[in-house]
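Trainee: I should like to understand how the terms in a structural description follow from the values behind them. May we work through this entry together?

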Amino acid sequence: MARPTSVLIMLFATIAVLVTAVMIPLNHLVSAQNNSNALTTTTQSSATVKVQAGGGNNTFPYDAFYPKQIQISPGQSVSWYNAAKVGEPHTVTFVLDNKTKAQLSAPFAVKNSSSFMSIPPSSNSEPVLLPNQQNPSITMIMGSNARASDPNVIDSTGKIVHFSSNAAYSVKSNEKYINSGLLFPKGKGPPNGSTSFTLTFEKAGTYNYYCILHPWMKGKVLVK
Ligand SMILES: [Cu+2]
């Protein structure tokens, strides 16, 4: 019969081996997430593949898609969600026509006679007015661009389709623009804000996307 000390040593050795076995893949995962430039490829076999848009915590938030690159089969879906512990939004945006790049704010023309009231009237807000030398009868304001902040698609004919939050859409592959709008971490966004965006890819191809707020955040979906 083994002595109690030998049994204890064996027990500790077994625990150490088990902990190491668990820590090695965890360390790998953490270092891959910390390095936003890491080209991580995933081939998940489940019908819907999950991709993180951003993540990290209050001390080390990171602006990257993880995995950065995924490979799926035609008919599979990809669902993006914001994994950050802070309320920083991200977008999942496919610019499939060079003319469809969008910014979060954009100039809009209004009649010179327009007056703007803050809501509620006492709030500390006013629109940014832009000079319009070419046509002084028209005033321009900077406004929030719904094409960037809200989920929408521009189809092959140029028609704009708006979606409600947490949109799911089946990609036809001839679209000009596909945008998730702002994705917030669960419980950290506005009441009707999106926390997920799901696309089903029917056709083979390479689909590049990025985040409008952080243009260095890039990702790729390979369908084959
Ligand atoms: Cu972002």
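Mentor: Let us begin with one pair of residues: Phe108 stands opposite Ile141 in S9. Please keep in mind that the model is predicted.

Trainee: What makes S7 and strand S9 a pair?

Mentor: Two strands pair if at least two bridges are found between them. S7 and strand S9 (residues 138–144) have 7 bridges, in the antiparallel sense, so the criterion of at least two is met.

Trainee: Which strands make up the open sheet, and in what order?

Mentor: The order is S7-S9-S8, with antiparallel pairing. Strand S7 (105–111) and strand S8 (128–130) are called edge strands because each pairs on one side only. From one strand to the next, the twist averages 40 degrees.

Trainee: Why is Asn166 called partly exposed?

Mentor: A residue is buried at 20 or more other C-beta atoms within 10 Å and exposed at 12 or fewer. Asn166 has 18, so it falls in between and counts as partly exposed. Asn166 lies in the loop between strand S11 (160–162) and strand S12 (168–171).

Trainee: Does the same reasoning serve for other loop residues? What of Ser173 and Lys186, for instance: how is each classed?

Mentor: Ser173 has 13 C-beta neighbours inside 10 Å and is therefore partly exposed. Lys186 has 11 and therefore counts as exposed, since the limit for that class is 12 or fewer. Ser173 is in the loop between S12 and strand S13 (177–179), and Lys186 is in the loop between S13 and strand S14 (196–201). The C-alpha atoms of Lys186 and Ser196 are 9.0 Å apart, with their positions 10 residues apart in sequence.

Trainee: What is notable about phi in Asn166?

Mentor: Asn166 is not a glycine, yet its phi is positive, at about 55 degrees. Ser173 also has a positive phi, near 80 degrees, and is a residue other than glycine. Most residues other than glycine have a negative phi, and most peptide bonds are trans.

Trainee: Which peptide bond is cis before Pro67, and where is Pro67 found?

Mentor: The bond from Tyr66 to Pro67 is cis, with omega near -5 degrees. Pro67 sits in the loop between strand S3 (61–66) and strand S4 (69–72). The bond from Ile119 to Pro120 is cis as well, with omega near -15 degrees, and Pro120 belongs to the loop between S7 and S8.

Trainee: Which residues touch the most other members of the largest nonpolar core?

Mentor: They are Val51, Ala53, Val78, Trp80 and Leu183, within a core of 34 residues. Core members must be buried, so each of these residues has 20 or more other C-beta atoms within 10 Å. Beyond four places in sequence, the contacts of Trp80 include Val51, Ala53 and Leu183, as well as Ser180 and Ser196. In soluble globular proteins, nonpolar side chains tend to be buried together.

Trainee: How do you know which part of the chain the predictor is least sure to support? Put plainly, where does pLDDT stay under 50?

Mentor: That stretch is residues 1–38, for which the model has 11 contacts beyond four places in sequence. Across the protein, pLDDT averages 84, and 80% of the residues score at least 70.

Trainee: How many helices and strands does the protein have, and what share of residues is buried?

Mentor: There are 2 helices and 16 strands, and 25% of the 224 residues count as buried.

Terms used:
Residues numbered from 1 in each chain as written. Helix = DSSP H or I, 4+ residues; strand = E, 2+ residues; numbered from the N terminus. Axes fitted to C-alpha atoms, helices over the stretch in contact; angles between N-to-C directions. Core = buried A, V, L, I, M, F, W, Y, C linked by C-beta atoms within 7 Å. Contact = placed C-beta atoms within 7 Å. pLDDT = per-residue confidence, 0-100.
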